[in-house]
There are 2 protein chains.
Amino acid sequence: MRYSQTLIPTVKEVPADAEIPSHQLMLRAGIMRKVASGTYTYLPIGWRSILKVMNIVREEMDRAGALEILMPAVQPLELWQRTGRDVDYGETMTRFIDRHGRGNVLAPTAEEVVTDLASHEINSYKQLPLNLYQISFKFRDEFRPRFGVLRSREFIMKDAYSFHATPECLDKTYHTMYDTYCRIFRRCGLEYVIVEAETGEMGGSGSHQFTVPCESGEDVIVYTQDGSYAANIEKAEVDPLPKQPSAVSHQPPAMEEVHTPGVGSIEAVCAFLKTRPADMIKTLVYKMDDGIVMVLVRGDHDVNTEKLTQAVGGRHVEMADEAAIVGLTGAAVGFAGPQGLVGKVKHLFIDHSVAAMASGVTGANKTDYHVRNVVPGRDFPLDGADVKVCDIRNATEGDTHKGKKLLFKRGIEVGQVFKLGAKYSAKLAASFLDEKGEQNPCLMGCYGIGINRIVASAIELGHDENGIIWPVSIAPYEVIVTSVGQEDEVVASTAERIYKEFVAKGIDVIFDDRPGRAGVKFKDADLIGIPIRVTVGKKAVAEGNVEIKLRAASENKAVPISTVVDEVVRILAELKAKLNVDS
Amino acid sequence: MRYSQTLIPTVKEVPADAEIPSHQLMLRAGIMRKVASGTYTYLPIGWRSILKVMNIVREEMDRAGALEILMPAVQPLELWQRTGRDVDYGETMTRFIDRHGRGNVLAPTAEEVVTDLASHEINSYKQLPLNLYQISFKFRDEFRPRFGVLRSREFIMKDAYSFHATPECLDKTYHTMYDTYCRIFRRCGLEYVIVEAETGEMGGSGSHQFTVPCESGEDVIVYTQDGSYAANIEKAEVDPLPKQPSAVSHQPPAMEEVHTPGVGSIEAVCAFLKTRPADMIKTLVYKMDDGIVMVLVRGDHDVNTEKLTQAVGGRHVEMADEAAIVGLTGAAVGFAGPQGLVGKVKHLFIDHSVAAMASGVTGANKTDYHVRNVVPGRDFPLDGADVKVCDIRNATEGDTHKGKKLLFKRGIEVGQVFKLGAKYSAKLAASFLDEKGEQNPCLMGCYGIGINRIVASAIELGHDENGIIWPVSIAPYEVIVTSVGQEDEVVASTAERIYKEFVAKGIDVIFDDRPGRAGVKFKDADLIGIPIRVTVGKKAVAEGNVEIKLRAASENKAVPISTVVDEVVRILAELKAKLNVDS
C-alpha cells in the first residue's frame, strides 16, 4: 500500500474528550473516528488491525474444533422474555417495535438465539459436544459510553456457545477454550492475567476472566502476592474482619436519635456527627420482583452487586426506587436503618464487617434523623430465617483472603469463559436423548472475547509519548518504507524498488511515498506504530545503505540496500517468534 | 473437517413457506435456519460460503485500490434528516430512541455516514480520489420478507463510496468498479447481465445493475433481441404507441356519466361496463411535500414509480392517502378522473399511450360514477405549464424501444453501481479546495453488492432435483471424501488416509466419516452440493481403487488410490480455471 493512496488522517492535538491513551491514540493515529456517542467508524489502518485480530481468533477457534456460524443482530424479544433476561438487561438492551408490531432487540449477546437453535437441531447425545461461535456486532445502550472502544454502544465480539451431555464433557471444552484464549491473547501480543470471576446475570457455576493489567482499565483484579489467589473485584472473597475489641469489652449505651436535618450522604453525616465512615452502618434497599432486600455494609465499604445477585440465587435484583424506600422506612431516602424492619423485608444481608462492629451510626427510619449506638445483634438481629451474615461487599485495601493480604490492580477485561450449566437449555427446551433414552437439558458453556478491546489493550500496553507500538501480529502493516526525499530521483527509485521487493516477498508493507519533510514522516510512522521502519535517504543511499529502525527501540541501523529485505525478513521472524504459541 | 464433528442438519421435506429453489435448498441443506420473519442464522456450511464470497469481494476491491473501513450499524437519525432520506426510506428504515432520547436508525446503507466522514477528513483535491468500502450488515424492515435471503430484514452488503474532484475522475472509478464487479461475479461462478438502471432515491446521473437471470428473481430486465438495449424495468424506455386510428377518423360523442355503484377497480369497472382495461384511463393520485401529482396511464398499464420520481426531479413522491384523494376529487377513492382538475394539481403526467387513445373510460370525480367517451386533449389538456405527456409507465409485452421489440426476463439483482454526483456532498458539506483554491463539493459514486444474494443466486443457477451444485469458488468445501462402510476397517483407514492427504495438500475437504448407509451419505453429499466426491467403498478398495464423481456430472470414475489426490488436484484446477478472470 502506498501512503499517498490510503487514508491515515493523523492528528497532532490530543482530542479533548479522550481520557485514556488508547482512546487518544486511536483518534490521533487515524484508526477511527467518532460517529456519535459510543459509536465509531474504523478507518483503513484501524480496520486492518481488527481484521488481523479476527483472523487470529478465527484460526484458534477453528483449531479448537469450534464451528463458525452467524446469528442475526436483530433478535425476537420473545426469546429474551422466555429466559427473563429482557428484565435483567434493562435499558442497556435496545428494543424496538417493527412495522408489524413485533418486539425486537439489538443483540447484546446470543445465548437465547443459539439455545433456541439447539432446541431444534440437537436431538441425541450422539450430536454432542457441539461448540458454535460467531464474530459479530453486539449492541449495548450504555448509560455513559466512554474510554473509546472500551465502553461503546456497538462493538465486535467473538461469542461461542458449547453444548454437552455430561459435566465432564463441559469441563473438557471449558478447558480447551481456556487454553485457546491463552493462545489467542499471546498471539495478539497481550500480557494478561486470568482470575476467577462471577457469572453475574449470565448464570452458571464457574467463570474465569482474562484481564490485561493496565492503569486505564475499568476492571479491578484482586490477588495475593504469592499468586495463590486471583479474582476480579466482583468475585474476590474476603475474610471476615475480627470482632472489634470494644464490642467484646463493654456494652455501649442505648440507641439515641440525633437530628441530622438534610444530611443524607455518608460523608455529610460523618462531618455533621464528627464520626468516621468506618463507624457507620450503610443501609441499602434493593428490590426483586417478589420483595424487598436490605443490605448492610460499613460506611467505608461498597456493596458488591454480583455477590448480592449470587446471595439471592442468581435472580435479578436492583436498587429500590424512592417510593419503595419511603414505603418501607416511612422516611425520606437517606435515613434508612435496619432497626425494626426485619419482618418487612424478604432478605436482610449483613456484611461480616458490620457484624463485627461494636456499635455504629445508621438511619433512624425518620426523615432528618439518624441514630447512634446501634449495636449489631442487640438493635437488629444477626440471624433468623430472613437474616444472613455473609460476604456481600467489595474487597478493599487491608482485606485478606485466607489470611493473606489482598493486592489490587486495574485492568481491561478482554475475555471471559463461563460454565452455564442448564440455565438456558432448561428454559428454552434444548434437550437431548441420552444413551438410556431419557430427555435431559443440554449443559452449556459460553465464551466471549472483545475484539475491539484487544486492539485498545494492545495500545494501552504498547505506546510511548510518540505514539503506538504495535505487536507485530496485529499491526496494520509490519513494515513501513519511508522515503526521505521523494523529490530526489535516486532516493525515489531506490525506495520504490525496495517497496516492490517487500511486496514480492509477501511482506505486509506500506510505502510512505509522500513528498515532504522527513520530520513529518517519522512522526507519522511513530504515531501509527509500524514495528519496522526502513528509511531511504539521500546520504545513506549514496553510500549504498538504508536504515532500519524498530519502533520499540531507539537506534537506527545502517544496512546495505542489497541485504535490507533479508534483514527485515529475519527481524520479522524474530518478532513473530516471541508471539509464537507453539515455540 | 469431519462430517461427524460439524453441524449439517439436512432435511428431506421441502419447507412449507419456502417458495423458490434457493430458499428451499438453503434450509434443506442446513445452510441456514430462520430466526424470525426475514432473519436467519447461518449454520457452518452456509457461513463458509458467505466467508468465501466476502473474501473474493475483498480481494477484488483491494485490487481496485478501494480501502476497507467499517461504519457503525446504529447511525444518528440527524444525519438522515440532513439529506431528507429519513422521509424517503419511510417505514423500511428501523428507527429507535436511545436511553438519552436521541434518534437512531439501523443502517439500510451508509451514504450519510461516509459523506459526513469525508466532510471532516477531505480538504484538498490532493487527497482525491478516495474509494472507501465496507462489508457489513444492513437492515430493512421489509413489509413482506420473502424468498429467503433475497428479501430479508438483515443482510450483508458490500458498499463502496468514492470521492472525486472531477467528473472524469468519477467516470474512471465508476468504470473500474464496473470491471471489478464483472470479475467478482465471474469468480463467484455467476452468469449475469448488466443493464441500465434508474438511480431512484439514491439520486445521481447514471447507474448500472448487475442481474443474474433466473425465473425466481423479483427484478425484471428488458432488452432487445440484438443486444443493443438492456435496462431494468424501472429504467426501460418505451416508444410512444401510435395514435389510435379511431382517434383520427371521427369525433366521439360527448362525455357521459354512468352509474357504477361500488365498482372501483379496473377489473370490476371493465366487467360492469363491458369494456377492456386497454380502453380505460387509470387516474392515480400521488403527493409530494408541496402538492398533489396526478398520473394517467392506460388501464392495462402500471405506473413506473422510478420514472415518476425522475419526472419530479428525484424528489420523494408517494401514493396519496384517502383524505388527499377525497379532498382533490370530491369523491371516494376509485372514482378519480382528470377532467376539471388540472388547476388543482402541481403536476399532471400523462403517459404517451393515454395521449394516443381515441377515447376512454375514467372516474367521474363523483362517488359511484364513471364517465365514458373521455377524449384526451378535448376533455382534459395534453399540454400546459403543469401538464406533460411522457413515458411514465412500465414497459410491457408488445412495447418497442427505438422500433425494436422489447423482450422480458426475470432476474436477481446482485449489484448496482451509481454515479451520485454532488447530491450528498452538497447537503453534508463534503467539499474540497481545488487547484485554484476554490471550494467545491466532492463528486461521489457508490457501489453495492449483496453478499447473501450472490449465494442465493448461485443456488438458483446451480441446482437439480437432488440439491445444490456449487461453483467451486464458493462451495463450503471443494471435496467430500465419502466413506461407504466406516464399519470396515480397511475402508475406514483408507478413507482416513486419503482425507489426511487432502488436508496435507491444503485442499478444502470434508470427510464423511459417519457410520451408516451409502444412500444417505450420497443424498447428503448431493444436497449440500460439494463439487467433487471421492467415494471409498469396500469393493473398489479391494481392487485398489476409489471413485471420483463430479456433482455436476452423472458418471463415476474409478481411480487408483495411489493417484486420487493428484487427480482431484487436477480436476480442481480445471474447475477453478473456468472461473479465472485472468485466463
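A residue counts as buried when its relative accessible area is under 20%, as exposed when that area is over 50%, and as partly exposed in between. Keep that handy for the exercises below, and remember that the model is predicted.

**Exercise 1. Buried, partly exposed or exposed?**

Sort B:Tyr178, B:Phe210 and B:Asn131 into the right classes.

Solution.
- Step 1: Start with B:Tyr178, which has a relative accessible area of 22%. The value falls between 20% and 50%, so B:Tyr178 is partly exposed.
- Step 2: Next comes B:Phe210, with 0%. That is under 20%, so B:Phe210 is buried.
- Step 3: B:Asn131 has 7% relative accessibility. The cut-off for buried is under 20%, so B:Asn131 counts as buried too.

**Exercise 2. Describe a ring pair.**

Work out how the rings of B:Tyr178 and B:Phe210 are arranged: stacked, tilted or edge-to-face?

Solution.
- Step 1: Know what to look for. A pair of aromatic rings is described by the distance of the centres and the angle of the planes.
- Step 2: Over all chains, there are 21 aromatic pairs. In this one, the ring centres of B:Tyr178 and B:Phe210 are 5.5 Å apart, and the limit for a pair is within 6.5 Å.
- Step 3: The planes of B:Tyr178 and B:Phe210 meet at 65°, so the pair is edge-to-face; the cut-off is over 60 degrees.
- Step 4: Now place the two rings. B:Tyr178 belongs to helix H6 (residues 167-187) of chain B and B:Phe210 to strand S10 (residues 206-213) of chain B, so to speak linking distant parts of the chain, 32 residues apart.

**Exercise 3. Find the charges over rings.**

Which ring does A:Lys409 sit over, and which one does B:Arg533 lie over?

Solution.
- Step 1: In chain A, look at the ring of A:Tyr223. The charged end of A:Lys409 sits over it, 4.9 Å from the ring centre.
- Step 2: In chain B, go to B:Phe522. B:Arg533 lies over its face, at 3.9 Å from the ring centre.

**Exercise 4. Map the surroundings of B:Asn131.**

Where does B:Asn131 sit, and which residues does B:Asn131 touch?

Solution.
- Step 1: Find strand S7 (residues 130-139) of chain B; B:Asn131 is part of that strand.
- Step 2: Skip residues up to four places away in sequence. The residues B:Asn131 touches then include B:Gly65, B:Ala66, B:Leu67, B:Tyr161, B:Met177 and B:Tyr447.

**Exercise 5. Sum up chain A.**

How many helices and strands does chain A have, and what share of its residues counts as buried?

Solution.
- Step 1: Count the elements: 17 helices and 32 strands.
- Step 2: Check burial: 57% of the 583 residues of chain A count as buried.

Conventions
Residues numbered from 1 in each chain as written. Chains lettered and ligands numbered in written order. Predicted model: local features only at pLDDT ≥ 70, side-chain atom pairs only at ≥ 80, totals over all residues. Heavy atoms only, no water. Helix = DSSP H or I, 4+ residues; strand = E, 2+ residues; numbered from the N terminus. Buried < 20%, exposed > 50% of the residue type's maximum accessible area, 1.4 Å probe, protein only. Phe/Tyr/Trp six-rings, centres within 6.5 Å; stacked < 30°, edge-to-face > 60°. Lys NZ or Arg CZ within 6 Å of the ring centre and 35° of its normal. Contact = heavy atoms within 4.5 Å.
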